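User: Could you walk me through the pockets and the ligand site in this one?
Analyst: Gladly; here is the structure to look at while we talk.

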Amino acid sequence: MVSVSPLQGADGEILGVLGIARDMTETKKLERQIRNAEKLASIGQLAAGVAHEINNPLGGILNCLYNLRKGTLSPARQEEYWASMEHGVRRVQKIVRQLLDFSQQHEPAFSQADINRIVDQVLELTTHLFASNHIHLETFPTHDVPSVMVDRHMIEQVLMNLILNAVQAMKNGGVLTIRTSVAEGICRVEVSDTGSGIPASVLPRIFDPFFTTKGEGEGTGLGLSVNLGIVERHGGKLLVESEVGKGTMFTLCLPVSRERAFAERET
Ligand SMILES: Nc1ncnc2c1ncn2[C@@H]1O[C@H](COP(=O)(O)OP(=O)(O)O)[C@@H](O)[C@H]1O
Ligand SMILES: [Mg+2]
């Protein structure tokens with residue numbers, strides 16, 4: 001990281017420039033490690049839902065195999081069973097692929113992306129958690145959202161963290177609402193829950209690294225601080241509004257303008 005500033009004499013005349021160069025390698029490495037630790041923690045939370053999602057089609061496939069092996073099925077029935085097995089295998093393949101994609105370390109890379117697609121991608125992995133937690137999902141995508149210049153994997157992680165927090169805040173079920181919109185060059189993704197809400201005394205600390213109100217094994221306290229780092233890299237903002245007993249809304253704001261995103265990319 002290089003910062004340059006003018007060096008002025010007593011009368012304000014410019015005598016030269018002062019340049020400071022700092023080696024950011026270690027900082028970047030640490031940031032990456034923290035992002036990854038947080039990612040592993042999210043995968044832990046997703047595991048039960050994903051395992052269930054894999055187990056169901058596997059049970060179906062085994063059942064088909066068993067019946068096919070008996071050899072008493074009519075050809076039409078056999079065809080039906082083959083098709084059903086293929087459908088099941090593809091379902092498993094899809095979820096495994098998504099989980100792998102989410103869990104891998106990716107080199108930072110910015111590209112034009114459709115924010116609604118990123119939201120869908122994250123929901124495909126988290127959706128299996130909703131039913132078991134009595135959570136009803138409502139999505140309101142705005143379809144004329146222009147593409148944004150983002151690191152897709154990082155924004156997926158941001159949304160994953162917000163959604164997992166929302167799920168954890170709705171211990172007795174509730175409604176998770178996700179809304180995308182665009183106005184004045186800013187693309188917004190709102191993630192709101194009808195959960196516990198955040199007390200005013202806690203609110204100023206939620207973005208601090210390692211700050212958590214959750215029990216051991218439930219929270220790392222890194223989710224929101226990782227999110228903040230990622231959002232700042234994108235030249236965006238992460239806003240929060242919350243009311244105890246009513247719920248919480250996080251709003252991810254990303255600039256649509258390419259120039260801005262490109263400028264961030266250089267840093
Ligand atoms: N949707 C939410 N509802 C209620 N509290 C929240 C929500 N999101 C975050 N919090 C609060 O912010 C804290 C920090 O969140 P985070 O950085 O994701 O760490 P963790 O989830 O591991 O505790 C949480 O422990 C919780 O107290
Ligand atoms: Mg969290």
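Analyst: One term before we start: a polar contact is a pair of N or O atoms within 3.5 Å. Please also keep in mind that this is a predicted model.

User: OK, so which side chain has an N or O atom 2.8 Å from a nitrogen atom of ligand 1?
Analyst: That is Asp193, whose side chain places an N or O atom 2.8 Å from a nitrogen atom of ligand 1.

User: And what do the backbone atoms do around ligand 1?
Analyst: A polar backbone atom of Thr220 is 2.8 Å from an oxygen atom of ligand 1, and a backbone N or O atom of Leu224 likewise lies 2.8 Å from an oxygen atom of the ligand. Ligand 1 taken alone exposes 530 Å², of which the protein buries 95%.

User: How many residues surround ligand 1?
Analyst: There are 21 of them, and the closest are Thr212, Thr213, Lys214, Thr220 and Gly221.

User: Switching to the largest pocket, what's its volume and what lines it?
Analyst: The largest pocket holds about 730 Å³ of space, and its lining is made up of 35 residues, with Asn165, Gln168, Thr212, Thr213 and Lys214 lying nearest the centre. By type, that lining divides into 14 nonpolar, 16 polar and 5 charged residues.

User: Which helices and strands supply at least two residues of that lining?
Analyst: Helices H1 (25-70), H4 (152-169) and H5 (223-233) each do, as do strands S7 (186-193) and S9 (247-255). The largest share comes from H4, which gives 7 residues to the lining of the largest pocket.

User: What about domains, which ones does the pocket lining draw on?
Analyst: Domain 1 (38-102) and domain 2 (109-266) each contribute at least three residues to the lining of the largest pocket.

User: New topic: how many cavities of 30 Å³ or more are there?
Analyst: The structure holds 1 cavity of 30 Å³ or more, and the largest cavity contains about 140 Å³ of space. Its lining consists of 13 residues, and those closest to its centre are Arg35, Lys39, His106, Met154 and Gln157.

User: Which element gives the most to the cavity lining?
Analyst: H1 does, with 4 residues, while H1 and H4 each supply at least two residues of the lining of the largest cavity.

User: And how do those lining residues divide by type?
Analyst: For the largest cavity, the lining divides into 2 nonpolar, 6 polar and 5 charged residues.

Technical notes
Residues are numbered from 1 along each chain as its sequence is written. Chains are lettered from A and ligands numbered from 1 in the order in which they are written. This is a predicted model: local features need pLDDT of at least 70, side-chain atom pairs count only at pLDDT 80 or more; totals for chains, interfaces and linings use all residues. Side-chain values use heavy atoms; hydrogens and water are left out. On a 1 Å grid over the protein atoms alone, a cavity is a set of points where a 1.4 Å probe fits but cannot get out, and a pocket is an open set with protein on both sides within 12 Å along at least five of seven lines; lining residues have an atom within 4 Å of a point. Grid points are joined across faces, edges and corners, and a volume is the space filled by probe spheres set on the points. Ala, Val, Leu, Ile, Met, Phe, Trp, Tyr, Cys and Pro count as nonpolar, Asp, Glu, Lys and Arg as charged, and the others, Gly among them, as polar. Domain bounds come from an automatic or database domain assignment. A residue is near a molecule or strand if one of its heavy atoms lies within 4 Å of it. A polar contact is a pair of N or O atoms within 3.5 Å; within protein, one must be able to donate a hydrogen and the other to accept it, and residues adjacent in sequence count only if both atoms are side-chain atoms. Accessible areas come from the Shrake-Rupley method with a 1.4 Å probe; for residues, only the protein chains shown count as cover.
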